[in-house]
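Q: Hi! I have a protein model open and would like to talk it through. Can we go over it together?
A: Sure, happy to help.

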Amino acid sequence: MSNLYLLHKPFQVLSQFSDREGRQTLAQYIDVKNIYPAGRLDYDSEGLLLLSDDGELIHRISHPRHKQPKTYWAQVEGQIDDAALKALRKGITLKDGPTQPAKARRIEPPITALRQSPIDPKRHPSTSWLALTISEGRNRQVRRMTAHVGFPTLRLIRAAVGPWTLEGLAPGEWRKETLHTPRPANTSSPQRGRPATKRRKPS
């Protein structure tokens, strides 16, 4: 069995436990020793970050070879149109090469906590939301994809990684799951064990 920790990383928090520049880190939100992130989430992005003390589990979740789908909610500048969604679904070419086809659709604004630095409606009077699912892990990929089709991302929330979601977690909150990991020859997603126990951030 392995332990997996699901954290709702707030805006402007580093995906690491220390920082020489004094920025907020994971240490302000989760007080479990000897755990490490499975992948990363940008400083200015929010949402689901998975952590574990099991190196093999971290590898299976984060390595591109296993292609864990990741779903993001993106608030973009302007009203995203069908042509842009079609391009994202087909795959576009960025500076570091073509992207794989993504799942992309318009969504209503998700029910989520206000960000510490809200989007200024005077600077951005027209915005819309889309859900984008990718199985790659390039640097700032979602932001580059939406900008490429003409709709820059203003706010980005990772809603899911593989079978794990943000459901029930407010920013800064986390919960623990115990997983039954597969044998080494089996690279499928680990099976969940007992129901998750929700934890709140330290006060």
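Q: Let's start with a detail: which residue in β8 is the bridge partner of Tyr72?
A: That's Leu132. One thing to keep in mind is that this is a predicted model.

Q: Okay! And which way do the two strands run, parallel or antiparallel?
A: Strands β4 (residues 70-77) and β8 (residues 127-134) run antiparallel, with eight bridges joining them. Strand β4 also pairs with strand β9 (residues 153-161), again in the antiparallel sense, over seven bridges. In that pairing, Val76 of the chain stands opposite Thr153 in β9.

Q: How many helices and strands does the protein have?
A: It has three helices and 13 strands.

Q: What's the average pLDDT?
A: The average is 89, and 89% of the residues score at least 70. Residues 183-188 are a stretch to treat with care: the pLDDT there is below 50. Beyond near neighbours in sequence, that stretch has four contacts in the model.

Q: Changing topic: which residues touch the most other members of the largest nonpolar core?
A: Those are Leu88, Leu130, Leu132 and Met145, in a core of 31 residues. You've met Leu132 already, as the bridge partner of Tyr72.

Q: Which elements give two or more residues to this core?
A: They are β1 (2-9), β3 (46-52), β4, α2 (82-90), β8 and α3 (141-148). Apart from this core lies another one, of 17 residues, and its members include Ala38, Ile157, Val161 and Leu179.

Q: Why would residues like that sit together?
A: As a general pattern, nonpolar side chains in soluble globular proteins tend to be buried together.

Q: Back to Leu88, what does it touch?
A: Leaving out residues up to four places away in sequence, Leu88 touches Pro101, Ala102, Ala104, Leu130, Leu132, Met145 and Val149.

Q: And over the whole protein, how much is buried?
A: Buried residues make up 46% of the 203 residues. The protein exposes about 11200 Å², and carbon and sulfur atoms supply 50% of that area.

Q: What about contacts between residues far apart in sequence?
A: Among contacts with a separation of 6 or more, 70% are between residues 24 or more positions apart.

Q: Now salt bridges. How many are there?
A: The count comes to 13. One of them joins Arg140 and Asp44, whose closest N and O atoms are 3.1 Å apart.

Q: What does the pair Arg140 and Asp44 tie together?
A: Arg140 lies in the loop between β8 and α3, and Asp44 in the loop between β2 (36-37) and β3, so the pair ties together parts that are 96 residues apart in sequence. Arg140 is partly exposed, with a relative accessible area of 32%, and Asp44 is partly exposed too, at 22%.

Q: Got another one?
A: Yes: Asp82 and Arg106 form a salt bridge, with their closest N and O atoms 2.5 Å apart. Asp82 is in helix α2 and Arg106 in strand β7 (residues 103-107), so to speak distant parts of the chain, 24 residues apart.

Q: Is Asp82 buried or exposed?
A: Asp82 is exposed, with a relative accessible area of 52%, while Arg106 is partly exposed at 43%.

Q: Last one: which residues do salt bridges with shared partners join into one network?
A: The network is made up of Arg40, Asp42, Asp44, Arg140 and Arg143.

How values were computed: Residues are numbered from 1 along each chain as its sequence is written. This is a predicted model: local features need pLDDT of at least 70, side-chain atom pairs count only at pLDDT 80 or more; totals for chains, interfaces and linings use all residues. Side-chain values use heavy atoms; hydrogens and water are left out. pLDDT is the predictor's confidence in each residue, from 0 to 100. Contact means heavy atoms within 4.5 Å. Two strands pair if DSSP finds at least two bridges between them. Helices (H or I, at least four residues) and strands (E, at least two) are DSSP runs, numbered from the N terminus. A nonpolar core is a set of buried Ala, Val, Leu, Ile, Met, Phe, Trp, Tyr and Cys residues joined through side-chain atoms within 4.5 Å. Buried means under 20% relative accessible area, exposed over 50%, partly exposed in between (1.4 Å probe, protein chains only). Accessible areas come from the Shrake-Rupley method with a 1.4 Å probe; for residues, only the protein chains shown count as cover. A salt bridge is a side-chain nitrogen of Lys or Arg within 4 Å of a carboxyl oxygen of Asp or Glu.
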